[in-house]
Amino acid sequence: MDTFNKLIELFRRFPGIGPRQAKRFVYFLLSGDKPFLEGLVSMISALKREITQCQECFHFFGSSLGIVKSAHEQVTALCHICTDKNRGDEELMVVAKDIDLEAMEKSNTYRGRYFVLGGLISPMERRNPDKPRLRELQIRVGKGVKSGMLKEIILALSANPDGEHTSDELKRMLSEFPVKVSILGRGLSTGSELEYADKETLKSALKNRSTS
Ligand SMILES: [Zn+2]
């Protein structure tokens, strides 16, 4: 396969990008001038170097915005939310994606901790490219329970079949822990994505969360 088609295949792996859009991206790059293309290339190669994944909540963050310590060849990376002493440890909000965490943060209505699941559990038997971090969530909740601080897990997943199925599965999975598990209120209309919800909607969804 030539570079043109290889690039199309790479762009097709981006979320929500079909073959025609992928091809448009490649033509766009071909029409771009040299400084633009070089800037893009160097930005992409710096991405993994400058953006770190938090080992506590799995949120991606700029290395300058948190703590990245390396001792004995072991790197500990904690984001600014996990290290913020002004936030409470009583509540842990589970979101599917980084972008959902950002929407919630922007709404300025929640002051607890987060856990980024990284995907949803699909009720269909189809291939799931984004595997949710179930084991990691169990470890995180176990740690919170052991510290005696964690009191409530708030499942903030989208109001669509995958999101609801995942909430059910997580409730079952987390029932072994002595903590309350609540689900974000349905101020979020059916099928809506957390990332597109406005501040007022998120605020009322958080206020109207339920344990049933
Ligand atoms: Zn974190």
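The following paragraphs go through this predicted model from its overall layout to its helix packing and then to a few single residues.

The protein contains seven helices and eight strands. Its C-alpha atoms occupy a box of roughly 55 × 45 × 35 Å along the principal axes. Two domains are assigned: domain 1 covers residues 3–47, and domain 2 covers residues 85–207. Their C-alpha centres are 33 Å apart. Of the 212 residues in the protein, 25% count as buried. When contacts between residues at least 6 apart in sequence are considered, 54% of them link residues at least 24 apart.

Two helix pairs can be described in some detail. The pair H1 and H2 consists of residues 3–12 and residues 19–31, respectively. The two axes come within 8 Å and cross at roughly 125°. An angle of that kind falls outside the ranges for roughly parallel, antiparallel or perpendicular packing, so H1 and H2 are oblique to each other. The crossing of H1 and H2 is right-handed. On the H1 side, the contact is made by Phe4, Leu7, Ile8, Phe11 and Arg12. On the H2 side, these meet Pro19, Ala22, Lys23, Phe25 and Val26. By class, the residues of this contact are eight nonpolar and two charged, with no polar residue.

The second pair is H4, residues 98–107, and H7, residues 199–207. Here the axes are 9 Å apart and the packing angle is about 95°. Since angles from 65 to 115 degrees count as roughly perpendicular, H4 is roughly perpendicular to H7. In this contact Ala103, Met104 and Ser107 of H4 meet Lys199, Leu202 and Lys203 of H7. The contact of H4 with H7 comprises three nonpolar residues, one polar residue and two charged residues.

The backbone offers two further points to look at. Most residues other than glycine have a negative phi. Phe58, however, has a positive phi, near 70°. Phe58 sits in the loop that joins strand S1 (51–53) to strand S2 (60–62). Around Phe58 there are 19 other C-beta atoms within 10 Å, and the residue is therefore partly exposed. Asn108 is another non-glycine residue with a positive phi, in this case near 60°. Asn108 belongs to the loop between H4 and strand S6 (113–116). Asn108 has 10 C-beta neighbours inside 10 Å; because 12 or fewer is the limit for an exposed residue, Asn108 counts as exposed.

Farther along the chain, Ile121 lies in the loop between S6 and helix H5 (134–146). Ile121 has 19 other C-beta atoms within 10 Å, and burial requires 20 or more, so Ile121 is classed as partly exposed. Leaving aside residues up to four places away in sequence, Ile121 touches Pro132, His165, Thr166 and Glu169. Ile121 and Val41 are 80 residues apart along the chain, and their C-alpha atoms are separated by 34 Å.

Helix H6 spans residues 161–174 and includes Pro161. Which exposure class does Pro161 fall into? Pro161 has 14 C-beta neighbours inside 10 Å and therefore counts as partly exposed. The C-alpha atoms of Pro161 and Val26 are separated by 34 Å, with their positions 135 residues apart along the chain. Val26 is one of the H2 residues in the contact with H1.

Ser167 also lies in helix H6. Is Ser167 buried or exposed? With 21 C-beta neighbours inside 10 Å, Ser167 reaches the cut-off of 20 or more and so counts as buried. Not counting residues up to four places away in sequence, Ser167 touches Leu155, Leu157 and Ile183. Ser167 and Ser122 are 45 residues apart in sequence, and the distance between their C-alpha atoms is 11 Å.

Note on methods:
Residues numbered from 1 in each chain as written. Predicted model: local features only at pLDDT ≥ 70, side-chain atom pairs only at ≥ 80, totals over all residues. Domains from an automatic or database assignment. Axes fitted to C-alpha atoms, helices over the stretch in contact; angles between N-to-C directions. Helix = DSSP H or I, 4+ residues; strand = E, 2+ residues; numbered from the N terminus. Parallel < 35°, antiparallel > 145°, perpendicular 65-115°, else oblique. Left-handed = near helix turned anticlockwise from the far one by under 90°. Contact = placed C-beta atoms within 7 Å. Nonpolar A, V, L, I, M, F, W, Y, C, P; charged D, E, K, R; others polar.
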